[in-house]
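Work through the exercises below with the structure open. Try each task before reading its solution.

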Amino acid sequence: MKISDVARILDARVMTGGDMLEQEVHSACGSDMMSDVLAYVKDQGVLLTGLINVQVIRTLLMMDMNCVVFIRGKVPPEGIVEFAADNGVAVLQTELPMFESCGRLYMAGLGRECGCDPAPDAGCANGNEDE
Amino acid sequence: MSEALHYHFDVDGANFSNAGRASVETKKLLRQIGVPAETIRRIAVAMYEGEINMVIHAHGGDADVYITEDKILIQLRDEGPGIRSVEEAMKEGFSTAPENIRALGFGAGMGLPNMKRYSDDMHIDTKVGVGTTIELWYNL
């Protein structure tokens, strides 16, 4: 699905990356532990997190992920949004909690597009099989 | 590695917000040189975990990147407390990071295991009270 679909499904506000809404994402990961994201995520995709700091954006950059959704109504400070904008990361913000955010995206088909089972680790839904 | 390209970065240990700067820069450099994308990602993730470790545990240190025709070496050197048991530190989930670091999204005990997972070869040279040097090797 596209980043614009993610924003619509999560009733999310686009804080930066308005020019990236047509980009495709194929997987998602919901986690507040960045080390788990670094360990388990395979495909470029969306990170859903309730953690707000600049390391969230750096983690995305390391993983070549292009979209972050801050959940539970958490609003990132301007510096983080700017850093994301400078580095080509779209920032969305939703009032929904983690469970419902992941559930809505999963039900809409994110991470299931290739028809294989999502990876069971770390609450992540990957399009590919895990190791 | 006498004919290696060499880049040096100071890893600032005073400010957690700065952790990862060297990895972001290295990633850009490797992309300019034309290193394959998957290799770049593995290097960036491993180096990033290393940088985070240096900031959490060792008040920063030095990061050096050496690139030859067929290998890349990332060398991370600090004068921190050293690793008491490398065997334990290599277990997923084992962490000595303080609680405030966990609140920042790290300290889950995945640092060293991730560095091993995302390198072709890893060497740890550590001495308690003296410091730690970690080498991450990649074949091109």
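**Exercise 1. Find which residue of chain B stands opposite B:Glu135 in β5(B), then place β5(B) among its partner strands.**

Step 1. B:Gln75 stands opposite B:Glu135. This is a predicted model: local features need pLDDT of at least 70, side-chain atom pairs count only at pLDDT 80 or more, and totals for chains, interfaces and linings use all residues. Residues are numbered from 1 along each chain as its sequence is written, while chains are lettered from A and ligands numbered from 1 in the order in which they are written.

Step 2. Strand β3 (residues 71-78) of chain B pairs with β5(B) in the antiparallel sense, over 8 bridges. Two strands pair if DSSP finds at least two bridges between them. Helices (H or I, at least four residues) and strands (E, at least two) are DSSP runs, numbered from the N terminus.

Step 3. Strand β4 (residues 121-127) of chain B also runs antiparallel to β5(B), joined by 7 bridges. Here B:Asp121 stands opposite B:Trp137.

Step 4. β4(B) and β5(B) form a hairpin with 3 residues between them. In the turn, B:Gly129 has a positive phi of about 85°.

**Exercise 2. Sort the residues of β5(B), 131-139, into a covered and an uncovered face.**

Step 1. Recall the rule: in a regular strand the side chains alternate between the two faces of the sheet.

Step 2. The covered face holds B:Thr132, B:Ile134, B:Leu136 and B:Tyr138.

Step 3. The uncovered face holds B:Gly131, B:Thr133, B:Glu135, B:Trp137 and B:Asn139.

**Exercise 3. Work out which residues of α1(B) are buried and what they pack against.**

Step 1. Helix α1 of chain B covers residues 21-33. Its 13 residues reach 19 Å from first C-alpha to last, close to the 18 Å expected at 1.5 Å a residue. The expected span is 1.5 Å times one less than the number of residues.

Step 2. Buried here are B:Ala22, B:Ser23, B:Thr26, B:Lys27 and B:Leu30. A residue is buried if 20 or more other C-beta atoms (placed from the backbone) lie within 10 Å of its own, exposed if 12 or fewer, and partly exposed in between.

Step 3. Seen down the axis, these buried residues fall within an arc of 135°, so they line one face of α1(B). The arc is that of the directions from the helix axis to the C-beta atoms.

Step 4. The face turned away carries the exposed residues B:Arg31 and B:Gln32.

Step 5. The buried residues of α1(B) pack against β1 (5-12), α2 (37-58) and β2 (60-67) of chain B, together with α3 of chain A. Two residues are in contact if their C-beta atoms, placed from the backbone, lie within 7 Å.

Step 6. B:Gly34 follows α1(B), with a positive phi near 95°.

**Exercise 4. Describe the side of chain A that touches chain B.**

Step 1. The contact takes 17 residues from chain A and 17 residues from chain B.

Step 2. On the chain A side, α2 (34-40) and α3 (54-63) are the elements that give two or more residues. α3(A) gives the most, with 7 residues.

Step 3. By class, this side has 10 nonpolar, 3 polar and 4 charged residues. Ala, Val, Leu, Ile, Met, Phe, Trp, Tyr, Cys and Pro count as nonpolar, Asp, Glu, Lys and Arg as charged, and the others, Gly among them, as polar.
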